[in-house]
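Could you walk me through this model, one selection at a time? I have the viewer open and would like to know what to click on next.

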Amino acid sequence: MFSYWHDADCPVHPASAPDYMPLAQLRRVQLHRLKAVVTRAYEKVDLFRRRMDERKLKPEHLKTLDDAAKLPFTVKTDLRDTYPFGLFASPLSEVVRLHASSGTTGKPIVVAYTRDDVRVWAEVMVRTFAACGVRQGDVVQNAYGYGLFTGGLGAHYGAEALGATVIPVSGGNTDRQIMIMRDFSSTVFCATPSYFLHIIERASEMGVDLRELPLRVGVFGAEPWTQPMRERIERDSGIQAYDIYGLSEIIGPGVASECEVQAGLHVFEDHFYPEIINPETGEVIPEGEEGELVLTTLSKQAIPMIRYRTRDITRFVSEPCECGRTLRRIRRVGARSDDMLIVRGVNVFPSQVEAALLSVESALPHYQIVLTRAHDLDQMQVQVEVPKEHFTDKVSSLENVRKKIGHAVESTVGIRAEIVLVEPHTLERSQGKAKRVIDKRELK
Ligand code: DLL
């Protein structure tokens, strides 16, 4: 499903028609595809067949969508343990692309695409861009990294298939990004939200006011960010900033996207079947409760991924969306279960710290959390940049901001943190995913 020349004047963008499928029809499509993908995985992937056999399950036992809950989970270590090609359901001769997700330690995980997988990927990215209000005629500056990371090529093929003009600039070289944005009249920017913050900051130093450029849409994802961060970005750059979600193991970007309503991300459910489970028990939890997102690919050939535990924490939004899309929404992913910090016995998510400190006007959106341990007691330090003026003004002004941020963090997170205010540019800027936490505690 691509957009063709004769679709240009169609009142409903045909590329987004599956987004509006009547629910009964959508569920039928899902069940049909689920059966097909489970059969494929059972026939072609040893690990999956073994796990099904251990449970005495056969693909034909799947009668309803709820039966998906009986299938075994797949986890990240399964990809590591079968590195590089052990979960492939297609011979390498049918694989047209490989990507890899950079693990911080050891080997990366490898993901593969057949020709049809690449087409599905382009389709869901067309729908992502369409949901973010991108159209033919837009100039898309793609600053997601090109290479083994799925962000660059994923966004590239989607924007191109939509009919937009793509600038494949990749990440980094910030001054050149700003020059291109101005000279090529970019209207859409794709990047991690933290990299776009860096662009905003650098543009202002170069005397370029982003609000006066044609740029109007940001398609941001690949890392957690918060609503206050969105408000800062939109205010300082004059664009609409949309959240898109995805992961390499499932396809890359293009799993879920916000729409114009900007209240939750629609999962492209005709290609990815979502469930939310209790991460402790593995049970599917009632609609609307927060838990871990589990995804099953409904169309992937090269690596059919059955009940993949994403570790991302979210919940379904039960109400239908004002935009009219029938696809279920999930809340923005604020945290991964493995990002959760336990500080003095309290669970802390970096996104809570971000939301708290951005509630203080003088805090700039550049921060880092540093954890240390002294005399067996955890210490949490939050380093935050504040505008230069605060350092030249009276000391009391700096102290005031520090106190305000301290209160905001304590009341949101529930523990006291040491707040260290630093001058702009003290903290490292990211070109991709930001590193928000430095944990220096010795593990015992
Ligand atoms: O980050 C794919 C992607 C590229 C998504 C560009 C969106 C835009 P991975 O490198 O495999 O793939 O990382 C996947 O990143 O499990 C989440 O923890 C996190 N993540 C991705 N999008 C979001 C988001 C790409 N919008 C992991 N909000 C996922 C929060 C996100 N976290």
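Here is a short tour with three stops.

This is a predicted model, in which local features need pLDDT of at least 70, side-chain atom pairs count only at pLDDT 80 or more, and totals for chains, interfaces and linings use all residues. Residues are numbered from 1 along each chain as its sequence is written, and side-chain values use heavy atoms, leaving out hydrogens and water.

**A buried arginine.** Start by selecting R325, in the loop between strand 13 (316-317) and strand 14 (329-330); helices (H or I, at least four residues) and strands (E, at least two) are DSSP runs, numbered from the N terminus. R325 is buried, with a relative accessible area of 6%; buried means under 20%, exposed over 50% and partly exposed in between, using a 1.4 Å probe and protein chains only. Now add D19: a polar contact of 3.2 Å joins its side chain to that of R325 (a pair of N or O atoms within 3.5 Å; within protein, one must be able to donate a hydrogen and the other to accept it, and residues adjacent in sequence count only if both atoms are side-chain atoms).

**An open sheet.** Next, show the four strands ordered 10-11-12-15, paired antiparallel (pairing takes at least two DSSP bridges between two strands). Its edges are strand 10 (272-277) and strand 15 (335-336), each pairing on one side only. Zoom in on strand 12 (residues 308-314), which pairs with strand 15 over two bridges; there, D312 stands opposite R336.

**A loop leucine.** Finally, pick L92, in the loop between helix 3 (76-81) and strand 1 (95-101). L92 is partly exposed, at 47% relative accessible area.
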